[in-house]
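Open the model in your viewer and switch to the cartoon view. This tour tells you what to select next and what is there.

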Amino acid sequence: PAPLLPDEDRPNGLRSVSHIIAVSSCKGGVGKSTTAVNLAFTLAQMGAKVGIFDADVYGPSLPTMISPELRVLQMDPETKAITPVEYEGVKAVSFGYAGQGSAIMRGPMVSGLIQQLLTTTDWGELDYLIVDFPPGTGDIQLTLCQSVSFSAAVIVTTPQKLAFIDVAKGIRMFAKLMVPCVAVVENMSYFDAEGKRFFPFGQGSGDRIVGEFGLPNLVRFPIVPDLSAAGDSGRPVVVSDPTGPTAQAFLELGAAV
Ligand code: ADP
């Protein structure tokens with residue numbers, strides 16, 4: 001995608017960030033955070049300077065998925081800017097590193113909090129800032145889209161029939177905000193066993209999405225136990241097994257972004 005336009009109104013901490021990428025889904029549990037985190041580390045392995053922002057205040061998963069040495073966000077006493085934590089060269093900010101756990105709050109409060117965390121962080125110079133959206137297409141997501149300018153969105157879904165309707169909603173939301181969807185990830189698409197390929201959630205919705213919306217990239221990720229195990233271990237699979245099949249699949253997504 002084209003770099004963000006220079007914008008005098010952009011918050012200081014985001015001035016040197018070239019591309020802000022939204023990773024979004026309409027439902028929880030489809031693998032959005034897994035995708036966001038592994039995409040961030042894949043881009044870093046491709047040589048980019050990368051940050052990841054966990055905007056999923058209701059269920060922040062970054063603290064489970066990566067385990068930096070220092071797990072608490074620091075604030076510069078003079079500038080009041082937040083310093084991200086860092087893991088394997090990737091900068092990370094999550095509500096979960098603010099020592100608060102997950103939020104029990106109403107939408108407007110959550111929107112304010114997300115915006116504050118995102119815009120008062122000193123991200124430094126980044127090629128990509130990956131933003132792990134809260135699931136859904138409501139007010140929180142809209143406010144987030146309006147508070148900073150996103151260069152592109154990646155939508156994550158699973159192959160169930162209902163997912164098609166959800167993805168369409170997501171694509172329309174981003175289209176209204178002039179954010180191009182550069183890829184759809186069809187996660188948990190299939191698994192291979194006993195020399196055969198199984199499609200436990202059915203087939204075809206990914207192709208339909210690409211056909212109807214003219215999206216440039218559909219990336220299919222299989223169901224793999226290592227993805228889920230790595231997610232709980234604090235070390236993303238593309239970091240622990242950088243030449244494995246999952247890392248290869250993420251390279252395809254990295255190239256799409
Ligand atoms: P979301 O952010 O959409 O709520 P997560 O990324 O937290 O979803 O994933 C939900 C659960 O599914 C996690 O335990 C994760 O490790 C697991 N998971 C995600 N994608 C896969 C996959 N392709 N294969 C196996 N497990 C997966």
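Two residues are in contact if their C-beta atoms, placed from the backbone, lie within 7 Å. Keep that cut-off in mind at the first stop. Note too that this is a predicted model.

**Stop 1: H3 and H4.** Select residues 107-119 for helix H3 and residues 139-147 for helix H4. Which residues of H3 meet H4? On the H3 side they are Gly 107, Val 110, Ser 111, Ile 114, Gln 115, Leu 118 and Thr 119. On the H4 side, show Asp 139, Ile 140, Thr 143, Leu 144 and Ser 147. Colour this contact by class: five residues are nonpolar, six polar and one charged.

Now look at the direction of the two helices. Two packed helices are described by the angle between their axes and the distance between the axes. Here the angle is about 30°, and the axes of H3 and H4 are 9 Å apart. Angles under 35 degrees count as roughly parallel, so H3 and H4 are roughly parallel to each other. H3 passes H4 in a right-handed crossing.

**Stop 2: the sheet.** Select the strands next. Eight of them form an open sheet with mixed pairing. Trace the order S5-S6-S2-S7-S1-S8-S9-S12. Which strands stand at the edges? They are S5 (85-87) and S12 (218-220). Each has a single partner strand, so one side of each is left without a neighbour in the sheet. From one strand to the next, the twist averages 25°.

Zoom in on S9, residues 181-186. Three bridges join S9 to S12, and the two strands run parallel. Val 184 stands opposite Leu 218 in S12.

**Stop 3: helices on the sheet.** Add helix H1 (32-45). H1 lies across S1, S2, S6, S7, S8 and S9. Its direction is at about 170° to S7. Then add helix H5, residues 161-176. H5 packs on the sheet and touches S1, S8 and S9.

**Stop 4: H1 and H9.** Keep H1 and select helix H9, residues 245-256. Their axes come within 9 Å and cross at roughly 80°. H1 and H9 are therefore roughly perpendicular to each other. Asn 38, Leu 39, Thr 42 and Leu 43 in H1 meet Phe 250, Leu 251, Leu 253 and Gly 254 in H9. This contact has five nonpolar, three polar and no charged residues.

**Stop 5: the ligand.** How many residues surround the ligand? There are 17, and the closest are Gly 31, Lys 32, Ser 33, Thr 34 and Gly 231. H1 and helix H7 (225-233) each supply at least two residues of this shell. By class, the shell has six nonpolar, 10 polar and one charged residues.

Terms used: Residues are numbered from 1 along each chain as its sequence is written. This is a predicted model: local features need pLDDT of at least 70, side-chain atom pairs count only at pLDDT 80 or more; totals for chains, interfaces and linings use all residues. A residue is near a molecule or strand if its C-beta atom, placed from the backbone, lies within 6 Å of it. Helices (H or I, at least four residues) and strands (E, at least two) are DSSP runs, numbered from the N terminus. Ala, Val, Leu, Ile, Met, Phe, Trp, Tyr, Cys and Pro count as nonpolar, Asp, Glu, Lys and Arg as charged, and the others, Gly among them, as polar. Axes are lines fitted to C-alpha atoms, for helices over the stretch in contact, and angles run from 0 to 180 degrees between N-to-C directions. Angles under 35 degrees count as roughly parallel, over 145 as roughly antiparallel, 65 to 115 as roughly perpendicular and the rest as oblique. A crossing is left-handed if the near helix is turned anticlockwise from the far one by less than a right angle, and right-handed if clockwise. Two strands pair if DSSP finds at least two bridges between them.
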